[in-house]
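Student: I am new to this structure and would like a close look at a single part. Please pick one residue to start from and build the picture outwards from there.

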Amino acid sequence: MNNSSLIPLGTLPKDISSHWIPKDSNSSHNASISQCEQVNIPEEIFLTLGIVSLVENILVIIAIVKNQNLHSPMYYFICCLAVADMLVSLSNVIETIVLILMEREILIVRNDILREIDNLIDMMICSSMVSSLSFLGAIAADRYITIFYALRYHTIMTTRRAVIIIVTIWLVSSISSILFIIYSDSSAVIICLISFFFAMLIIMGALYLHMFTLARIHAKKIMTQHKKRTAHQATNMKGAITLTILLGLFLICWSPFFLHLLLIIICPKNPYCLCFTSHFKMFLILIICNSVIDPIIYAFRSQELRKTLKEFISCSW
């Protein structure tokens, strides 16, 4: 956040997260936005979705930690994906609570403190974005190894290597988020984020194409030889399908946000681009919805995880 965008003491901002919106704040920019049809989203919706997502992802993490049968590289990565979703939810809850308290004049925030809150929220969003994509890539690589190198899987994807991958991803995502805040005025930072998004999509797309091509060939062989698919093959494909659903959901929920970033770079002053970027809150809602739906997919697709969650919830009650 630069000095020109600081909020006067005690006044209510429309949004705290300022690093994701166009920097131009002149009259033509404001006039272009005013001509767009705005969608008003109550802060209570953000708060409710954030809290639901937090609870869901905490339950998933507890279930994976408690159940020894879920102590495998893929579930370690899923656990980290849940933590990444929690970062988005937590940033949303913090922002919404601050805005509600300021709106009701319960809280009066100094400019420098508001700037620090802004930086913290945007760091959490950036870290979640980078780590989510990275862990989706890690799960894709894990499923790929499981399908193509089934006999060597446990020697290739050891717990030690999984931990190294997890630590590396969190380090990179943390450093990326810090650099994003430091160089937030530079377009190069946003270009790097967009490039990373498309690079990961291409890599995962290539892995998927290879995996499902092989699955189709195997299915044809099974049909011609009148054999039944083995339990191991069925489990591997179920994991790959689960990952496909997760990636598809990520694309649906995060693509408008990345298009928003792309338009900031390509056409920051175009009225149509400004109209699209003015709906930033809608994009945030989609991102939070991704964090809400992900745990439901984990539970729906994994019988073992579903069973552990039921046991934990019933014991808690």
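**A close look around W254**

Tutor: Let's start at W254: apart from neighbours within four places in sequence, W254 is in contact with V88, I125, S128, M129, I287 and N290 in this predicted model. Those contacts sit in a wider setting, the largest nonpolar core, which has 83 residues. Within this core, W254 and F257 are the residues that touch the most other members. Several helices supply two or more residues each: α2 (43–66), α3 (73–103), α4 (111–148), α6 (159–182), α7 (187–225), α8 (231–266), α10 (280–301) and α11 (303–316). The biggest giver is α4, with 17 residues in the core.

Now step from the core to the surface. A nonpolar surface patch of about 750 Å² is formed by V163, V167, L171, I175, I178, L179, I182 and Y183. One of these, I178, lies in helix α6. Is I178 buried, exposed or partly exposed? I178 has a relative accessible area of 40%, so it counts as partly exposed, since that label covers values between 20% and 50%.

How confident is the prediction? The chain has an average pLDDT of 80, and 80% of its residues score at least 70. Among the chain's elements, α6 has the highest mean pLDDT (93), whereas helix α1 (residues 27–34) has the lowest (52). Across residues 1–13 the pLDDT is below 50, and this stretch has 28 contacts in the model beyond near neighbours in sequence.

How values were computed: Residues numbered from 1 in each chain as written. Predicted model: local features only at pLDDT ≥ 70, side-chain atom pairs only at ≥ 80, totals over all residues. Heavy atoms only, no water. Core = buried A, V, L, I, M, F, W, Y, C linked by side-chain atoms within 4.5 Å. Buried < 20%, exposed > 50% of the residue type's maximum accessible area, 1.4 Å probe, protein only. Helix = DSSP H or I, 4+ residues; strand = E, 2+ residues; numbered from the N terminus. Contact = heavy atoms within 4.5 Å. Patch = residues over 30% accessible without salt bridge, like charges linked within 9 Å, V, L, I, M, F, W, Y side chains within 5 Å. Areas by Shrake-Rupley, 256 points an atom, 1.4 Å probe, with all protein chains shown as cover. Salt bridge = Lys/Arg side-chain N within 4 Å of Asp/Glu carboxyl O. pLDDT = per-residue confidence, 0-100.
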